[in-house]
Amino acid sequence: VKKKIKHLTDLLNEYAYSYYVLDQPKVSDAEYDQLLRELIKLEDSHPEFKRDDSPSERVGGKPLDQFKKVQHTIPMLSLSNAFNEEDLRDFDRRVQQGLGHAPTYSCELKIDGLAVTLIYEEGRFVLGATRGDGTTGEDITSNLKTIPSIPLRLRESVDIEVRGEAFMPKKSFVRLNEEKEKNEEQLFANPRNAAAGSLRQLDPKIAAKRNLDIFIYSIGQIRGKEIDSHHGALEYVGNLGLKTNKEQKHCKTIDEVIEYCESWLDKRADLPYEIDGIVIKVDALKDQEALGFTAKSPRWAIAFKFPA
Ligand SMILES: COc1nc2nc(N)nc(N)c2nc1C
C-alpha cells in the first residue's frame with residue numbers, strides 16, 4: 001500500500017505540475033479526479049503512509065482562529081514608480097551613473113495581485129506569508145497550500161526563499177462575483193482585492209475554491225548556487241518546479257525596455273490576468289549589488305505603471 005500511495009502521489013503531482021505550472025495537461029480532469037479519489041481512499045485507510053506533498057493537501061485543512069505573524073529575514077521592499085518614457089530614461093541615466101556602464105535589463109509583467117513569500121526547506125514548502133509592512137507579514141501557509149501552481153515539494157531538495165505575486169485570473173474573478181451576486185453578497189471590486197480577500201481569510205477550504213494562481217518573480221535568498229543574472233535566477237526557479245511568467249524579456253537597452261512597456265499597454269487586455277505595469281530590473285546580480293537599496297526600494301529596479 002505504501003508503494004501504491006507513493007506511486008499515485010508522484011503521478012498526480014506530475015500531472016498537476018504539467019497542468020497548473022506548464023499549462024500542458026497530460027490527462028483529462030476526469031482521469032485526474034479518479035486517481036485522486038483512489039489516493040484519498042488509500043490515505044484514509046492508511047494515514048501513516050500519507051505524504052506531506054500529497055495532492056489531497058490542496059482541499060485545505062481546518063480553519064485557523066487567527067494568523068501568526070512572520071518576521072521576513074529579507075525585507076519585502078516596494079518599487080519606485082515610473083509613469084512615462086522620461087521617467088524610464090531618468091532611471092537608466094541614474095543606473096548608468098551608479099554603475100559606470102550600461103546594464104542589460106530584465107522586464108517582467110507586474111501582476112496585479114498580492115505579494116507573497118514562499119520558504120522551502122530541503123525542497124519542502126514549509127512557510128508562506130504576505131508582505132505585510134515589508135518586515136512583518138502574516139503566515140498564510142495553509143491557504144497558499146491550496147494553490148495548485150505552488151509545488152508542495154520542489155524538484156530538488158534545496159533551501160530557498162522565493163517571492164511572487166498570487167493572483168486571481170480574470171475568468172475566476174467574473175465567476176466569483178456572479179456567484180456572490182446570486183447570493184446577494186458583497187462583490188469584490190477587482191481581481192487584486194478578490195485574491196487578497198481569498199488569501200487573508202482564515203478558512204483554507206474557501207481559498208481552495210477560489211482558483212488562485214501565482215507567478216514567482218524573485219529569489220529571496222539561495223545558498224551555494226552560482227547564479228549571476230536575474231533572468232538566470234528565474235530560469236533556475238522554473239527548473240525547480242515553480243511557476244514563472246513566460247512574458248519576461250531580457251532587454252539589451254533602455255530603448256528596448258521602452259518598446260516592451262509600450263507594447264504591453266494595449267496587449268494587456270488580452271491577458272487572462274490583470275497587470276498594473278511592467279517591472280524593470282538591472283539584470284546582472286553584481287550590478288544589483290553595486291547599486292543597492294534606498295530605505296524602501298531597490299535602486300536597480302523600477303515599476304512602469306500603466307494609466308489606471
Ligand atoms: C525585486 O523586487 C520586486 N520585484 C518584482 N517583480 C515583479 N515582476 N513584480 C513585482 N510586483 C515585484 N515587486 C518587487 C518588490
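Contact here means heavy atoms within 4.5 Å. With that in hand, let us walk through this predicted model, beginning at its N-terminal helix.

**Helix H1**

The buried residues of H1 pack against two other helices, H2 (29–45) and H8 (230–239). Those buried residues are Ile 5, Leu 8, Thr 9, Leu 12, Tyr 15, Ala 16, Tyr 17, Ser 18 and Val 21. The length of H1 can be checked too: its 20 residues (2–21), at 1.5 Å a residue, should span 28 Å, and the end C-alpha atoms are 27 Å apart, which agrees. After H1 comes Asp 23, with a positive phi near 55°.

**Helix H3**

Helix H3 passes the corresponding check: residues 85–99, 15 in number, should span 21 Å at 1.5 Å a residue, and the distance between the end C-alpha atoms is 21 Å, in agreement. In H3, Leu 88, Phe 91, Asp 92, Val 95 and Leu 99 are buried. Viewed down the helix axis, these buried residues fall within an arc of 95°, so they line one face of H3. What do the buried residues of H3 pack against? Their partners are the strands E2 (81–82), E3 (105–111), E10 (275–282) and E11 (301–305), together with the helices H9 (254–267) and H10 (285–291).

Both ends of H3 have a detail to look at. At its start, a side-chain oxygen of Asn 84 comes to within 3.1 Å of the backbone nitrogen of Glu 86. Just after the helix, Gly 100 adopts a positive phi of about 80°.

**The ligand and its surroundings**

Around the ligand you will find Leu 77, Leu 79, Glu 108, Leu 109, Glu 165, Tyr 217, Val 279, Lys 281 and Trp 300. Glu 108 places a polar side-chain atom 2.7 Å from a nitrogen atom of the ligand. For Lys 281, a polar side-chain atom lies 3.0 Å from a ligand nitrogen atom. How much of the ligand does the protein bury? Taken alone, the ligand exposes 360 Å², and the protein buries 87% of that. The elements giving two or more residues to the surrounding shell are E3 and E10.

**Helix H6**

In helix H6 (residues 191–199), the buried residues are Pro 191, Ala 194, Ala 195, Ala 196, Ser 198 and Leu 199. Their cover includes the strands E4 (114–121) and E7 (160–167), as well as the helices H4 (141–144), H5 (170–182) and H7 (204–207). At the start of H6, a side-chain oxygen of Asn 190 reaches to within 3.1 Å of the backbone nitrogen of Arg 192.

**Two glutamates with positive phi**

Most residues other than glycine have a negative phi. Against that background, Glu 122 has a positive phi, near 50°, and for Glu 184 phi is likewise positive, near 50°. Where does each one sit, and is the residue buried or exposed? The table sets them side by side.

| Residue | Phi | Location | Relative accessible area |
|---|---|---|---|
| Glu 122 | near 50° | loop between E4 and strand E5 (124–130) | 59%, exposed |
| Glu 184 | near 50° | loop between H5 and H6 | 75%, exposed |

Exposed means a relative accessible area over 50%. At 59%, Glu 122 is therefore exposed, and Glu 184, at 75%, is exposed as well.

**Asp 139 and Lys 305**

Asp 139 lies in the loop between strand E6 (136–138) and H4. Is Asp 139 buried or exposed? Its relative accessibility is 11%, so Asp 139 counts as buried. The side chain of Asp 139 makes a polar contact of 2.6 Å with the side chain of Thr 141. Leaving aside residues up to four places away in sequence, Asp 139 touches Phe 67, Lys 68, Val 70, Leu 127, Gly 128 and Ala 129.

Lys 305 belongs to strand E11. With 21% relative accessibility, Lys 305 counts as partly exposed. Which residues does Lys 305 touch, not counting those up to four places away in sequence? They are Asn 81, Ala 82, Phe 83, Lys 110, Asp 276 and Gly 277. Finally, Lys 305 and Glu 121 stand 184 residues apart along the chain, and their C-alpha atoms are separated by 35 Å.

Definitions and conventions: Residues numbered from 1 in each chain as written. Predicted model: local features only at pLDDT ≥ 70, side-chain atom pairs only at ≥ 80, totals over all residues. Heavy atoms only, no water. Helix = DSSP H or I, 4+ residues; strand = E, 2+ residues; numbered from the N terminus. Expected span 1.5 Å × (residues − 1). Buried < 20%, exposed > 50% of the residue type's maximum accessible area, 1.4 Å probe, protein only. Arc of directions from axis to C-beta. Polar contact = N/O pair within 3.5 Å; in protein donor to acceptor, adjacent residues only side chain to side chain. Near = heavy atom within 4 Å. Areas by Shrake-Rupley, 256 points an atom, 1.4 Å probe, with all protein chains shown as cover.
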